[in-house]
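Q: Before the labels attached to this model are taken at face value, could each be set against the value behind it?

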Amino acid sequence: MTSEHALRLGTMPKSAIVLGGGVIGVEFASAWTSFGVTVTIVEALDRLVPNEEPEVSKALERAFRKRKISSLTGTPMTSVETTDDGVKVTLENGKELEADLLLIAVGRGPFTEGLGYDDCGVTMDRGFVLTDERLKTNVPNVFAVGDIVPGLQLAHRGFAHGIFVAEEIAHAEGKLDEAPEPVKDVEIPKVTYCDPEIASVGLTQAQAEQEGEVEVVSYDLGGNGKSQILKTQGFIKIVRRKDGPIVGIHMVGARMGEQVGEAQLITSWEAYPEDVAKLIHAHPTQNEALGEAHLALAGKALHAHG
């Protein structure tokens, strides 16, 4: 079944195999485990949430092991068959897994077939509508927004696209003085709603290093009072250009999704660690950890563990 089918289940299975260790896969694995389901994740790549920082993947895998969620990474599936009791999955290494159901969570594609885009001459690629940075297609006065445009498949990206196009049209008609700024995927916050939560915005360390020398700090949540109260583990990793602004923030731990708003302000406005270090973050909160991470990068570490 897909995630759509899984959301319509009337009862919880006793066991489940999740094919795919990306966002949808780890979210369902986490939620089902909370309801008492025995879950095994099968991922062909070498780590879970492969689009996040490698350290984030390791932290999530460690947390999942503590929650008794089995993760088989670097293990492609070769076949699946329905049995009297559920499903049997055969892996490339010859291992067989059995469970009540199999969730296919290897990504979603656009639903554009038969909607007339080709008939109108709109340029397509594997079902996606191709646009420029201002979301214009090759057909005059035709725009595209949301998940059918290649890039991040996130609801808030679609919201931002819709607002941008409305303002773009208003500007073209003389109803808005200034043209709106294009929506850039790198500035869009991402949250994976598993336990622990993952949140990130901006460039990864590897992406930033392609553009020059960087400085990195990771602040362990063990030094954060609220994290101790919540009994959560994780860290906040900050990436800055050498002697320059912060370009990426990556977080894992309870309630990290609630911290990504400030993280987006920091990266989008190209703040320096010293700028954020001056701000006062309330104690005891998870948000305080974001402030402490910037204090550490600014050379003023307080509750940082070596």
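**Labels and the values behind them**

A: Asp243 sits in the loop that runs between strand E13 (235-241) and strand E14 (246-253); the model is a predicted one.

Q: Why is Asp243 called exposed or buried, and what is its phi?

A: Exposed means over 50% relative accessible area, and because Asp243 has 58% relative accessibility, it counts as exposed. The phi of Asp243 is near 60°, a positive value in a residue other than glycine.

Q: What other residue than glycine has a positive phi in the loop between strand E8 (124-125) and strand E9 (128-129)?

A: Arg126, in the loop between strand E8 (124-125) and strand E9 (128-129), has a phi near 55°, which is positive although the residue is not glycine. At 69% relative accessibility, against a cut-off of over 50%, Arg126 therefore counts as exposed.

Q: Why does Glu55 count as buried, partly exposed or exposed?

A: Buried requires under 20% and exposed requires over 50%, with partly exposed in between; the relative accessibility of Glu55 is 31%, so Glu55 counts as partly exposed. Glu55 belongs to helix H3, and its C-alpha atom is separated by 12 Å from that of Asp220, although the two residues are 165 apart along the chain.

Q: How do you know whether the length of helix H4 (residues 155-172) agrees with what a helix should span?

A: The expected span is 1.5 Å times one less than the number of residues; for the 18 residues of H4 this gives 26 Å, and because the end C-alpha atoms are also 26 Å apart, the two values agree. The buried residues of H4 are Arg157, Gly158, His161, Phe164, Val165, Glu168 and Ala170. After H4 comes Gly174, with a positive phi near 80°.

Q: What joins Asp195 to Pro196, and what joins His283 to Pro284?

A: The bond between Asp195 and Pro196 is a cis peptide bond with omega of about 10°, and Pro196 lies in the loop between E10 and strand E11 (197-202). A cis peptide bond also joins His283 and Pro284, where omega is about -5°; Pro284 is found in the loop between helix H8 (273-277) and helix H9 (287-297).

Q: What makes a space in this model a cavity, and how many are found?

A: A cavity is a set of points where a 1.4 Å probe fits but cannot get out, and a search of the whole structure finds 1 cavity of 30 Å³ or more. The volume of the largest cavity is about 30 Å³. Its lining consists of Thr2, Ser3, Ile24, Ile104, Ala105, Val106, Gly107 and Arg108, which divide by class into 4 nonpolar, 3 polar and 1 charged residues.

Q: What is the volume of the largest pocket, and which residues are closest to its centre?

A: The largest pocket holds about 1,200 Å³ of space. It is lined by 44 residues, of which Gly22, Val23, Asn51, Leu152 and Gln153 are the closest to its centre. Elements that give two or more residues to this lining include helix H2 (23-34), strand E2 (38-43) and H4. By class, the lining of the largest pocket has 22 nonpolar, 13 polar and 9 charged residues.

Q: Which domains give at least three residues each to the lining of the second largest pocket?

A: At least three lining residues of the second largest pocket come from each of domain 1 (3-104) and domain 3 (186-298). This pocket has a volume of about 480 Å³, and among its 23 lining residues the closest to its centre are Ala63, Pro196, Thr232, Gln233 and Gly234. Helix H3 (residues 54-66) gives the most to the lining, with 6 residues. The classes in this lining are 9 nonpolar, 4 polar and 10 charged residues.

Q: Where does UniProt place its domain features?

A: An unreviewed UniProt entry places the feature "domain: FAD/NAD(P)-binding" at residues 2-162, and the annotation "domain: Pyridine nucleotide-disulphide oxidoreductase dimerisation", also from an unreviewed entry, covers residues 188-293. Residues 2-162 are 23% helix and 24% strand, while residues 188-293 are 30% helix and 29% strand.

How values were computed:
Residues are numbered from 1 along each chain as its sequence is written. This is a predicted model: local features need pLDDT of at least 70, side-chain atom pairs count only at pLDDT 80 or more; totals for chains, interfaces and linings use all residues. Side-chain values use heavy atoms; hydrogens and water are left out. On a 1 Å grid over the protein atoms alone, a cavity is a set of points where a 1.4 Å probe fits but cannot get out, and a pocket is an open set with protein on both sides within 12 Å along at least five of seven lines; lining residues have an atom within 4 Å of a point. Grid points are joined across faces, edges and corners, and a volume is the space filled by probe spheres set on the points. Ala, Val, Leu, Ile, Met, Phe, Trp, Tyr, Cys and Pro count as nonpolar, Asp, Glu, Lys and Arg as charged, and the others, Gly among them, as polar. UniProt positions are given in the numbering used here, feature names are shortened, and annotations may be inferred rather than shown by experiment. Helices (H or I, at least four residues) and strands (E, at least two) are DSSP runs, numbered from the N terminus. Buried means under 20% relative accessible area, exposed over 50%, partly exposed in between (1.4 Å probe, protein chains only). Domain bounds come from an automatic or database domain assignment.
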